[in-house]
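Dear colleague,

Please find below the structure that I am handing over to you, together with its sequence. My findings follow underneath.

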Amino acid sequence: MRKPLIAGNWKMFTGPSAAESLSLALKTTLKDCNWADIVVCPPFTSISAVVSVLKNTAIEIGAQDTFWESEGAYTGEISPVMIREAGCGWVIIGHSERRAHFGESDQTVFKRVNAAMKAGLKPIVCVGETLQQRDSGITEEIVKSQLLGGIGEIRAISNLTIAYEPVWAIGTGRTATPRQAQDVHNVIRTIISEKWGELTASAARILYGGSVKPDNAGDLWQEDDIDGFLVGGASLNADTFSRIIESAK
Ligand code: PGA
């Protein structure tokens, strides 16, 4: 049985004081949650405020990106070691917004994943096709090449989570149907099984992301290979995020 995992990607929202208020609200609404693992990913500058509020709770904290070197003359970058030291256990890598706006590639995803794991962080690696790629019928091909390009060389992936996020469903209000999501999740699990073995595949948690809301979460949970969600917009409100987590019960 895979324990549900729900991660909130706060993107470039919530400075320290808004992040503190949101964390305080989550701390109250989710205090009894033992049926799912919960991770929130604030912007770098809000991590310390969130860590202070959520210490001694079951809610874990992640960053939204990481560089691959531990330290050095890399102006503007943040290392996985620093992220770990700041109190994070998780990190999102290869989000489509980073691929689209900041030149993230499967090669750089690989370097980040590798470095994050060495620093003791659990990566949430994002894959997903654009609308044009879906319409051209190459969804599977794209997801497979992102997956193998990004993590194919990683030997043990038990600390790694995959998030399937179709680009056309992110922040658009247009969710993949449960069937569409399940089909790709199943492809991902099959690839994991072929590459890392059946045991690893059956334990791997595969998240769906893209306009997850309290009212579509229930149907998505029905699918066998959907083990949780990476939630953007709806994670910025304690009530909607908590209702999504409630739906995992
Ligand atoms: P969304 O974002 O829930 O706002 O669509 C998901 C994500 O980008 O991870």
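Which backbone oxygen does the side chain of Q64 reach at 2.9 Å? In this predicted model, the partner is the backbone oxygen of C41. A polar atom of the Q64 side chain also lies 3.4 Å from the backbone oxygen of P42. Q64 itself sits in the loop that runs between β3 (59–63) and α3 (80–85). Its relative accessible area is 21%, so Q64 is classed as partly exposed; the cut-off for buried is under 20%. Beyond residues up to four places away in sequence, Q64 touches N9, W10, K11, M12, C41, P42, P43, I92 and R98. Y74 is 10 residues from Q64 along the chain, and the C-alpha atoms of the two are separated by 18 Å.

The ligand site

There are 13 residues around the ligand, of which K11, H95, E165, G171 and S211 come nearest. By class, this shell comprises 4 nonpolar, 7 polar and 2 charged residues. Several polar contacts may be of use to you:

- H95: an N or O atom of the side chain is 2.7 Å from an oxygen atom of the ligand.
- S211: a polar backbone atom is 2.7 Å from an oxygen atom of the ligand.
- G232: a polar backbone atom is 2.8 Å from an oxygen atom of the ligand.

The ligand taken alone exposes 280 Å², and the protein buries 96% of that area.

The nonpolar cores

In soluble globular proteins, nonpolar side chains tend to be buried together. Here, the largest nonpolar core has 63 residues, and I6, I151, I188, Y208 and F229 are those with the most contacts inside it. Helix α8 (residues 178–196) gives the most to this core, contributing 7 residues. Setting aside residues up to four places away in sequence, I151 touches V113, V125, I157, L160, I162 and W196. A second core, separate from this one, has 11 residues, including A7, I92, L207 and L230.

Strand β8 and helix α11

V231 lies in strand β8. V231 counts as buried because its relative accessibility is 1%. Although V231 and A7 are 224 residues apart in sequence, their C-alpha atoms are 6.1 Å apart in space. Apart from its neighbours within four places in sequence, V231 is in contact with I6, A7, G8, N9, V212, F241 and I244.

F241 and I244 are also among the buried residues of α11, a set that further includes A238, T240, S242 and I245. What covers these buried residues includes β1 (5–9), α1 (16–29), β2 (37–41), α10 (214–221) and β8 (228–231). The N-terminal end of α11 is capped by N237, which places a side-chain oxygen 2.8 Å from the backbone nitrogen of D239.

Is S242, within this helix, buried or exposed? S242 belongs to α11 (residues 238–246) and counts as buried, because its relative accessibility is 7%. A polar atom of the S242 side chain lies 2.6 Å from the backbone oxygen of A238. Leaving out neighbours within four places in sequence, S242 is in contact with L26, T29 and L30.

With kind regards

Terms used: Residues numbered from 1 in each chain as written. Predicted model: local features only at pLDDT ≥ 70, side-chain atom pairs only at ≥ 80, totals over all residues. Heavy atoms only, no water. Helix = DSSP H or I, 4+ residues; strand = E, 2+ residues; numbered from the N terminus. Buried < 20%, exposed > 50% of the residue type's maximum accessible area, 1.4 Å probe, protein only. Contact = heavy atoms within 4.5 Å. Polar contact = N/O pair within 3.5 Å; in protein donor to acceptor, adjacent residues only side chain to side chain. Near = heavy atom within 4 Å. Areas by Shrake-Rupley, 256 points an atom, 1.4 Å probe, with all protein chains shown as cover. Nonpolar A, V, L, I, M, F, W, Y, C, P; charged D, E, K, R; others polar. Core = buried A, V, L, I, M, F, W, Y, C linked by side-chain atoms within 4.5 Å.
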